[in-house]
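Student: I'd like to walk through this fold with you before I set anything up. Can we take it piece by piece?

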Amino acid sequence: MYRFFALFLALSLLTPKVNAQAITVTNPSFEDTPKHSKIHTGWSNCGISTKKPHDVLPEDAFQVTQPPFDGRTYVGLVTRDNDTWEAIGNSLSTSLEQGKCYGFQLALAKSSSYYSVSRAKNLPANFVSPVRLFIWGTNGRCGFDELLAQTEVIDHYDWKLYSFNIKPMKDSYTHIVFEVFYPANTMLTTNGNLLLDAMSEILPIENCENIVDVSNFSDRQSEMSLITLELP
């Protein structure tokens with residue numbers, strides 16, 4: 001709770017706001033009972049319907065032992081070597097309005113171990129290839145209407161807090177979707193993983209060029225006073 005309050009306060013102070021309230025999702029800290037192939041409370045499985053959903057982590061079955069960034073659990077998304085990958089979605093408390101700028105933050109990491117079975121070879125495999133994250137706006141429970149943001153390749157094992165500035169251009173959106181994807185494209189399908197935790201509130205900002213940069217969290221037990229915020 002202290003982390004979310006501090007993130008909200010930091011964004012409130014360091015980014016200009018328009019007259020609109022913060023936008024929230026249900027269960028932003030991805031809390032639930034740890035279990036593989038389980039959909040988090042408040043979230044939807046937006047991956048391929050014929051494949052198992054994402055995982056509530058940490059969980060012994062995959063040997064994923066990374067402590068959470070916030071709370072007790074987080075979400076794990078994987079890409080597979082058979083040209084399939086995972087995604088999750090959530091409804092927004094208020095729509096992202098077309099043409100307006102918003103900012104929010106999300107903690108990301110990669111697990112050094114994520115053991116499962118290769119879908120292409122039907123053999124044990126460690127899903128540790130790096131991946132990227134795509135962030136979509138949509139007007140249904142799951143959808144990929146407009147790509148709002150994407151990361152570079154995530155290849156670090158420690159939690160890092162990423163700041164995203166988004167501006168819907170095609171439409172206004174009632175839902176947000178997080179999709180994990182291969183480093184390059186589907187011509188080279190790999191077994192990879194991405195861990196997500198601690199989504200902040202989405203705040204309106206005046207200018208999408210004013211990006212709030214949050215330094216890495218190297219100590220999950222530290223207080224928010226150890227976080228430095230800088231504007232470019």
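Student: How many bridges join β9 to β10, and which way do the two run?
Tutor: In this predicted model, β9 and β10 are joined by 4 bridges and run antiparallel. As one example from that pairing, I135 has A149 in β10 as its bridge partner.

Student: Which sheet order does that belong to, then?
Tutor: The sheet is an open one of 5 strands in the order β1-β5-β12-β9-β10, and the pairing is antiparallel. Its edge strands are β1, covering 44-45, and β10, each of which pairs on one side only.

Student: OK, disulfides. How many are there in the whole structure?
Tutor: A search of the whole structure gives 2 disulfides. If the bonded cysteines are numbered in sequence order, the pairing reads 1-3, 2-4.

Student: What does the link between C46 and C142 look like?
Tutor: The sulfur atoms of C46 and C142 are 2.0 Å apart, and the disulfide is left-handed because the torsion about its S-S bond is about -75 degrees. C46 sits in the loop between β1 and β2 while C142 sits in the loop between β9 and β10, so the bond ties together parts of the chain that are 96 residues apart in sequence.

Student: Is C142 buried or exposed?
Tutor: C142 counts as partly exposed, with a relative accessibility of 29%, whereas C46 counts as buried at 8%.

Student: And which cysteine does C101 pair with?
Tutor: C101 is joined to C208, with an S to S distance of 2.4 Å, and this link is left-handed with -130 degrees about the S-S bond. Since C101 belongs to strand β6 and C208 to the loop between β14 and β15, the pair ties together parts that are 107 residues apart in sequence. C101 is buried, with a relative accessible area of 9%, and C208 also counts as buried, at 16%.

Student: Switching to the interior: how many residues are in the largest nonpolar core?
Tutor: That core has 28 residues, and those with the most contacts inside it are F104, L106, I176, F178, L196, M199 and I202. At least two residues come from each of β3, β5, β6, β9, β10, β11, β12 and β13, and β6 gives the most, with 4 residues.

Student: What is I202 in contact with, leaving aside its close sequence neighbours?
Tutor: Leaving aside the neighbours within four places in sequence, I202 is in contact with A22, I23, L92, L96, Y102, G103, F104 and I176. A second, separate core has 15 residues and includes L57, F62, Y74 and A109.

Student: Aromatics next. How many aromatic pairs does the search find?
Tutor: The search of the whole structure finds 14 aromatic pairs. One of them is edge-to-face and is formed by Y74 and W159, with 5.3 Å centre to centre and 80 degrees between the planes. Y74 is in strand β3 and W159 in the loop between β10 and β11, so that pair links parts of the chain 85 residues apart. Both rings belong to buried residues, as Y74 has 0% relative accessibility and W159 has a relative accessible area of 0%.

Student: What about W85 and F181?
Tutor: W85 and F181 also form an edge-to-face pair, at 4.9 Å centre to centre and with 90 degrees between the planes. That pair connects strand β4, where W85 lies, to strand β12, where F181 lies, across 96 residues. F181 counts as buried, at 12% relative accessibility.

Student: Which rings are linked into a cluster?
Tutor: Ring pairs link F30, W43, F104, Y162, F164 and F178 into a cluster. Two of these residues, F104 and F178, are also listed among those with the most contacts inside the largest nonpolar core.

Student: Last thing, backbone oddities. Which residues are joined by a cis peptide bond?
Tutor: L57 and P58 are joined by a cis peptide bond, with omega about 5 degrees, and P58 is found in the loop between β2 and β3.

Student: Where is N122, and what is its phi?
Tutor: N122 lies in the loop between β7 and β8 and has a positive phi of about 55 degrees although it is not a glycine. A198, in the loop between β13 and β14, likewise has a positive phi of about 55 degrees without being a glycine.

Student: And is A198 buried or exposed?
Tutor: A198 is buried, with a relative accessible area of 1%, whereas N122 counts as exposed at 63% relative accessibility.

Terms used: Residues are numbered from 1 along each chain as its sequence is written. This is a predicted model: local features need pLDDT of at least 70, side-chain atom pairs count only at pLDDT 80 or more; totals for chains, interfaces and linings use all residues. Side-chain values use heavy atoms; hydrogens and water are left out. Buried means under 20% relative accessible area, exposed over 50%, partly exposed in between (1.4 Å probe, protein chains only). Rings of Phe, Tyr and Trp (its six-membered ring) pair if their centres lie within 6.5 Å; planes under 30 degrees apart count as stacked, over 60 as edge-to-face and the rest as tilted. A nonpolar core is a set of buried Ala, Val, Leu, Ile, Met, Phe, Trp, Tyr and Cys residues joined through side-chain atoms within 4.5 Å. Contact means heavy atoms within 4.5 Å. Two strands pair if DSSP finds at least two bridges between them. A disulfide is a pair of cysteine sulfur atoms within 2.5 Å.
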